[in-house]
Amino acid sequence: MSTEEQRKSEARKAIERLVHYALEQAMIEETDIDYSRNRLLELFGFDEAFLEALEPESLQGPQGPLAVLINYGLEIGLIPENTDTYRDLLDARIMGLLMARPSECIASFRSTAAERGIQAATDDFYKLSVASNYIRMDRVAQNIYWDQPTEYGDMQITINLSKPEKNPKEIAMAKLLPPPVYPKCQLCRENVGYAGRINHPARQNLRVIPLELNDEPWLFQYSPYVYYNEHCIVFHHDHVPMKLSKQTFKRLLSFTEAFPHYFIGSNADLPIVGGSILTHDHFQGGRHTFPLQLAPSEASFSNSAYPGVTADLVKWPMSVLRLSGHDPSVLLEAADQVYESWKAYSDPAAEVLAFSEENGERVPHNTVTPIVRRGASGAYEMDIVLRNNRTSEEHPEGIFHPHREMHHVKKENIGLIEVMGLAILPGRLKQELADITAILGGNTELLQAAVSNSGHPLAVHGDWIQQLIQQHGTSVPAEQAEELLRQEVGSKFARILEHAGVFKTDPAGREAFIRFVQAMGYHAIA
């Protein structure tokens, strides 16, 4: 057999393995085998299938046969270059041929929910999203995770390595393309089945579930690069911008009524303190216990206007008011009062100003990040995190934003996930922390490069490296240095959240927070 014939045989074998994997994962049924095989044969230009018997196997994921097929697809011109971007486009195209139609997936979800409950339905839907390689668990597994004790509890730290970066050529090509018109963004419902392009991911293996929140059409899916367990996205049926309102709180409560095993939250709706996508209204949720959920109360309050609702100041680096109660309608009114009060609230002594004047216009600065979940007793809990997006000459990126001395670790917005105590740190830190470990172990060459070359990747850490050397020297064993740096990074993340807190955690800050709560008519519970 020639080399070319061998490659063709291996590709046909990979098709057969992938079809059997899809059957084993319940992506297709027995009666779909021939059809699914033939669709893949057509894609790769084969007239015949692999005719030999396959050895029994149980694949943990589709990555093995997928790699064979993508490599063969490169050979025959299905993709122009061997880059992650183009490989991912073909990956989704292949797996999309093994997926049920969207209507069938929706019917299956609803049938399971009716027969076995909503948790079983999400279990199956999540399994499908993983099996279809829409959720890239092989890449998610590359992320670095650790828990770091702080005075606020154990923070969850991740260095994000799962989302592939485009190479410079792809970035340049993407800039030449016209602005997207269809789909308008990566959250739009039109992404389902979309083939993708160099500046937009392929989504043939994406499936979404329609939801109704407050008699409005919304959709439910999982994130392809899950930052935590069952990381889901709930997004509006239409491409409408994010805007917090009383209806936002009502939608969040409605979701947790239907999905009591999931939390759900919304990013704030203003720049700097908001999420990365403000053009399409959406929430994030999932089945995960965040550090914020475990944070204790520092003081409890009640308001006769909202019977059965307790308001707690949470021991947390950011300013969190936790509302809890069993009646969602009363909790909704309490949450709306907090939001409307905060939008107009100023306390100059605490550097909190609700508005500023720019070019003769009144610019708002106060908003919130709300998070809703169900407690063990079934009660509703809503954490309302107070946000303010003012800037100053000293802090041009944001007064309540990571300050510049922290930018060597993180300079991006503090969004919903990080508000709750899960740090998503840039992938560059993996190598940079490894290099700093080497410096603490005595690598003088790296140290010299870091302090003498402003273009060196470690130059951003220059002051920090000098502080570490002063405190610990340059003879630290590698394992000890790694643990030391993890502690340092975890501590810095806690400080970053303190920067983002509008009322600080010192006595003056707590007094200011209490002034706001009392201004809304709340009284301390003895």
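Let me start with the side chains of Glu151 and Arg495, which meet in a salt bridge at 3.1 Å, N to O. This is a predicted model, and every value I give is computed from it. Glu151 sits in the loop between strand E1 (144–150) and strand E2 (153–159), while Arg495 is in helix H16 (residues 478–500), so the bridge ties together parts of the chain that are 344 residues apart in sequence. Arg495 is partly exposed, with 24% relative accessibility.

How many salt bridges does the structure hold? The count is 30. I will take two others.

One joins Arg136 to Asp88, at 3.3 Å from N to O. This pair also links distant parts of the chain: Arg136 is in the loop between H6 and helix H7 (137–140), and Asp88 is in helix H4 (residues 84–96), with the two positions 48 residues apart. Are these two residues buried or exposed? Arg136 has a relative accessibility of 10% and counts as buried. Asp88 is buried as well, at 19%, and the cut-off for buried is under 20%. The pair does not stand alone, since a network of salt bridges links Asp88, Asp91, Arg136, Asp138 and Arg139.

The other is local. Asp34 and Arg37 form a salt bridge of 2.9 Å, N to O. Both are in helix H2 (residues 33–43), 3 residues apart, which is about one turn of the helix. An α-helix has 3.6 residues a turn, so residues three or four places apart point the same way. The two ends of this bridge differ in accessibility: Asp34 is partly exposed, with a relative accessible area of 48%, whereas Arg37 is buried, at 15%.

Next, two helices, beginning with H1. Helix H1 covers residues 3–24, and its 22 residues should span 32 Å at 1.5 Å a residue; the end C-alpha atoms are 31 Å apart, which agrees. Its buried residues are Ser9, Ala11, Ala14, Ile15, Glu16, Arg17, Leu18, Val19, Tyr21 and Ala22. If you look at the list, you will see that charged residues are on it, Glu16 and Arg17 among them. What covers the buried residues of H1? The cover includes H2, helix H3 (63–75), H4 and H6. Just after the helix, Ala26 has a positive phi of about 65°.

Now H5. Helix H5 runs over residues 102–116, which is 15 residues, and it reaches 21 Å from first C-alpha to last, close to the 21 Å expected at 1.5 Å a residue. Which residues of H5 are buried? They are Cys105, Ile106, Phe109 and Thr112. Viewed down the axis of H5, these buried residues fall within an arc of 130°, so they line one face of the helix. On the other side of H5, Ala114 and Glu115 are exposed. The buried residues pack against helix H6 (118–131) and strand E3 (209–213). After H5 comes Gly117, with a positive phi near 105°.

H5 also takes us to a pocket. The second largest pocket holds about 870 Å³ of space. Its lining has 31 residues, and those nearest its centre are Met27, Met99, Ala100, Arg101 and Cys105. Cys105 is one of the buried residues of H5 that I listed a moment ago. Which helices supply at least two residues each to this lining? H2, H4, H5 and H6 each do so.

Then there is the enclosed space. The structure holds 1 cavity of 30 Å³ or more. The largest cavity has a volume of about 50 Å³. Its lining consists of Phe263, His288, Phe290, Leu292, Gln293, Ile371, Arg373, Asp383 and Met420. Helix H10 (291–294) and strand E13 (366–374) each supply at least two of the lining residues.

One last residue is His407. His407 lies in the loop between strand E14 (380–388) and helix H12 (416–419). Although it is in a loop, His407 counts as buried, at 16% relative accessibility. What does His407 touch, not counting residues up to four places away in sequence? The contacts are Glu397, His401, Pro402 and Arg428.

Conventions:
Residues are numbered from 1 along each chain as its sequence is written. This is a predicted model: local features need pLDDT of at least 70, side-chain atom pairs count only at pLDDT 80 or more; totals for chains, interfaces and linings use all residues. Side-chain values use heavy atoms; hydrogens and water are left out. Helices (H or I, at least four residues) and strands (E, at least two) are DSSP runs, numbered from the N terminus. The expected span of a helix is 1.5 Å times one less than its number of residues. Buried means under 20% relative accessible area, exposed over 50%, partly exposed in between (1.4 Å probe, protein chains only). The arc is that of the directions from the helix axis to the C-beta atoms. Contact means heavy atoms within 4.5 Å. A salt bridge is a side-chain nitrogen of Lys or Arg within 4 Å of a carboxyl oxygen of Asp or Glu. On a 1 Å grid over the protein atoms alone, a cavity is a set of points where a 1.4 Å probe fits but cannot get out, and a pocket is an open set with protein on both sides within 12 Å along at least five of seven lines; lining residues have an atom within 4 Å of a point. Grid points are joined across faces, edges and corners, and a volume is the space filled by probe spheres set on the points.
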